[in-house]
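This briefing looks at a few unusual backbone spots and at the surroundings of a bound ligand. Please keep the sequence and the structure in view while reading.

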Amino acid sequence: MAHPTAPPPTGIASIGIHLPPLAMPVEELAGLRGEEPAKYTVGLGCREMSLCPPGFGVVELAEEAARRALARWDGDPSRIGLLAVGSESAVDMSRPLSAWVADRLGLAGAVRSYEVKHACYGGTLALRQALEWRLSGAAGDRAALVIAADVALYAERDPGEPTQGAGAVAFVVDAPDVAAISPLSHPWSEPQFDFWRPVGEAFPRVQGPLSLECYKRAAVETFRALVADGDAAEVLGRLDAACFHVPFPKMVKKAVYAVGEAFGWSEEDNAAFYAAKVEPTMGWNRRCGNAYTASLWIAVAEALAGLDAGRRLAAFSYGSGFGAELLTLTAGPRAAEAAWRDDVEGDLARREHVDAAAYTRLRGAEKTTAAGEPAAG
Ligand code: CAA
């Protein structure tokens, strides 16, 4: 019997990030909606919402993030054998978002190209599939391009409105130059209607309190699985950072405290863990707002930036419906270069801030037409 060849060393070889060109401070929205600004800034922990101008959306975000990731990768683009886009901002019920991206990047031929949907968990699933494709041996020497991209918009006056945002993170999955991803991970799923968007509707429907409970339960269960029979303080203490999906920063704090309570930690222990390992990963998220599938990976990218090789972090992915998974990553030799930090800092510096009047006009100008339809004739 032939021996299977050893799987190639696999992980994140490069990262590219793109954030939209507009933003609005949440205080401005509070004024428009007659809310106390502190409800948004303290109660939810939000700071700014990324916004997309007319004609700019998930395809542009995904394309540019991918270009940036590919430009930093040492490999030849002809080695890309898989293109997977995780998103809940699909522009078509049938044609995958990856087809728009592939078109713009000139990727065609022996490439498996598809879209992955599972609310905010879709990007993580795409990344896991790319990792497992490489580890299975099916990829041979080929690499994957994985993109998590979303535009998170709620109906005007919806309680979720201050948590809006948008963004994309792209990874080339190849040699683990930036980070290795452990093949072992800890999934948890339950069928729930916590947050969903019926076919044909532009905005999500949310059972807010249920969604908070589902998120916290998924965090508790997956962290329990990670710690297993070990000592929680010791296992989690070995992490340099614990990154979470960030629907809004206060959600993450609530989940961390729920995890700590499940381990019997004191209020002080919870506060210390949150301050040291979690809060520092959400600086970019606070500037960006919720970017659904990209949200966790924006936090991971911030935590990895500048990290010495060998340092470890955890990544908790949550997608409504619901599915969750806790991953562990180890920084590779090129994490310290933090090349993708320029993407975020450059995009943030170039952003134009809109006021309440401009925001109202922007919402009025939302288009429902599909992106990139083929030219007539
Ligand atoms: N000063 C300070 N804090 C204030 C305040 C004030 N003046 N007024 C209110 N607050 C606090 C409240 O006490 C509350 O804090 P606690 O939860 O710690 O008690 C917080 O502000 C929010 O207030 P409400 O609960 O009244 O807010 P709300 O009901 O209007 O909306 C929400 C909250 C339901 C989370 C809403 O933002 C929402 O629907 N968000 C979208 C759903 C979501 O993000 N769910 C998270 C899990 S699902 C997921 O993760 C997938 C995803 O990406 C969406």
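Is Ala119 buried or exposed? The model shown here is predicted, and in this model Ala119 has a relative accessible area of 12%. Ala119 is therefore buried, since buried means under 20% relative accessible area.

**Backbone: positive phi values**

- As background for the two alanines discussed here, most residues other than glycine have a negative phi.
- Ala119, which is not a glycine, nevertheless has a positive phi, near 45 degrees, and this residue is found in the loop that runs between strand S5 (112–116) and helix H5 (122–136).
- Ala228 also has a positive phi, of about 50 degrees, although it is not a glycine, and its place is the loop between helix H6 (208–227) and helix H7 (232–237).
- The relative accessible area of Ala228 is 55%, so Ala228 counts as exposed, a word that applies over 50%, whereas Ala119 is buried.

**Backbone: a cis peptide bond**

- Again as background, most peptide bonds are trans.
- The bond that joins Gly321 and Phe322 is a cis peptide bond, with an omega of about -10 degrees.
- Phe322 itself belongs to the loop between strand S13 (312–319) and strand S14 (323–331).

**The shell around the ligand**

- There are 26 residues around the ligand, and those that come nearest are Lys39, Ser211, His245, Lys254 and Asn290.
- Sorted by the character of its residues, this shell is made up of 14 nonpolar, eight polar and four charged residues.
- Three helices, namely helix H2 (37–43), H6 and helix H8 (249–262), each supply at least two residues of the shell, and H6 gives the most, with four residues.

**Polar contacts with the ligand**

- In Ser211, a polar atom of the side chain lies 2.9 Å from a nitrogen atom of the ligand.
- For His245, an N or O atom in the side chain is 2.8 Å from an oxygen atom of the ligand.
- The side chain of Lys250 likewise has an N or O atom near an oxygen atom of the ligand, at 3.1 Å.
- The ligand taken alone exposes 1100 Å², and the protein buries 70% of that area.

Note on methods:
Residues numbered from 1 in each chain as written. Predicted model: local features only at pLDDT ≥ 70, side-chain atom pairs only at ≥ 80, totals over all residues. Heavy atoms only, no water. Buried < 20%, exposed > 50% of the residue type's maximum accessible area, 1.4 Å probe, protein only. Near = heavy atom within 4 Å. Polar contact = N/O pair within 3.5 Å; in protein donor to acceptor, adjacent residues only side chain to side chain. Areas by Shrake-Rupley, 256 points an atom, 1.4 Å probe, with all protein chains shown as cover. Nonpolar A, V, L, I, M, F, W, Y, C, P; charged D, E, K, R; others polar.
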